[in-house]
Amino acid sequence: MNSFGQKLRFSTFGESHGTALGCVLDGVPAGLEIDEAFIQNELDRRKPGKSEFETARKEADKVEILSGVFEGKSTGTPIAMVIYNTNQKSKDYSNIKDVFRPGHADFTYFHKYGLRDYRGGGRSSARETAARVAAGAIAKLMLKELDVEVLSGISEVAGIKAEKFNYAGVKDSIIYALDSDVEQAQKDAILEAKKRHDSVGGVSRVVVKNAPIGLGQPLYYKLDGVLADAMMGINAVKAVEIGDGCLSAKTLGSQNNDQIRANGFESNHSGGILGGISNGDDIVLNVYFKPTPSIFQEQHTITTTNEEVDFSLKGRHDPCVAIRGTIVCEAMAALVIADMVLLNMGSKMDGVVKYYK
């Protein structure tokens, strides 16, 4: 499906090399101040072609709001936004018209639908995530009214890990690095892989600050479950951790439990979520991106008629998709939290009575 969320629901449309892509965001309360400059800035953070660490494809990613906003405020009706593609080079993909690219969704899309949009992957391209960032920007504007903040940065590239997490410093890093002490080594790893016509993976660390206690709908719409779903739905993501994640399986209960005092939790191994519900502490996620599958080395594959071939890919691709992917992680986290905020408003009868009386 192409939609996500319950009370705050968005749908995206468009393809990598189509005329445009965009989204329709439904459920935004009326009266929200819509800061178009902020929405554009979020898209600028994700857009391609800003540096040698990203794809050379240059897109303005200029967003246009088509509906749901009047005199700078949301009307309560669906907000539709469109982003026109301006720098397609579909001919770069003519050599893969009948060839499945290793590591891509070409194989599965073809066998599922029986059709092939070979122009950059069509709907399966990460280009679609621009629409998610636009929707996420509006979710961030909603959360700002509640002093809830969603931040992220790159904590690991090619196995080179951050030892500290400086979210404020991310804006000064071209690769959104959280740790300036290892940033140069991470950059070197990306460029070395690029020089070899290869790619590297990376990890985005996302934190939600000031989220209220009580977000999450047990048992089947748990906050951590929906966050994991949102992150796994992003192109190239292969794993998601909440809090200590995999490390939790290696510790004792006495080490993993977050003990409590009157002023709050003494640690945050849980990542701010207990029983699928936010506990008021920082919500922390680690999102793992695989190496970009688009590499410029000769590879083995098959054609749509099952013929074995060796081929070399052409085109413009990110040597480390995690860099721009971290902005998408922020957007999806913001959409989940905003959705949960709206869902939580009716969880207590006194809240319903207070609203209507």
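This passage describes the cysteines, one annotated arginine and one helix of a predicted model.

The cysteines were examined for covalent links. A disulfide is a covalent bond between the sulfur atoms of two cysteines. The structure contains 0 disulfides. For C246, the closest cysteine sulfur belongs to C329 and lies 16 Å away, which is too far for a bond, given that a disulfide requires two sulfur atoms within 2.5 Å. C320 is likewise in no disulfide, the nearest cysteine sulfur, that of C329, being 12 Å away. The surroundings of C246 and C320 were also assessed. C246 has a relative accessibility of 53% and therefore counts as exposed, whereas C320, at 1%, counts as buried.

Attention then turned to R46, which carries the annotation "binding site" in an unreviewed UniProt entry. This residue is part of helix α1, which spans residues 36–46. Because its relative accessibility is 3%, R46 counts as buried. When neighbours within four places in sequence are set aside, the residues in contact with R46 are D61, A126, R127, T129, A130, V133, R324, I327 and V328.

The packing of helix α5 was considered last. In this helix, formed by residues 223–232, the residues L223, V226, L227, A230 and M231 are buried. They lie on the same side of α5, because they cover an arc of only 135° around the axis. The buried residues of α5 pack against the strands β1 (3–4), β11 (237–242), β14 (273–274), β15 (277–278) and β16 (283–289), and against helix α7 (322–344).

How values were computed. Residues numbered from 1 in each chain as written. Predicted model: local features only at pLDDT ≥ 70, side-chain atom pairs only at ≥ 80, totals over all residues. Heavy atoms only, no water. Buried < 20%, exposed > 50% of the residue type's maximum accessible area, 1.4 Å probe, protein only. UniProt positions renumbered as here; feature names shortened; annotations may be inferred. Helix = DSSP H or I, 4+ residues; strand = E, 2+ residues; numbered from the N terminus. Contact = heavy atoms within 4.5 Å. Arc of directions from axis to C-beta.
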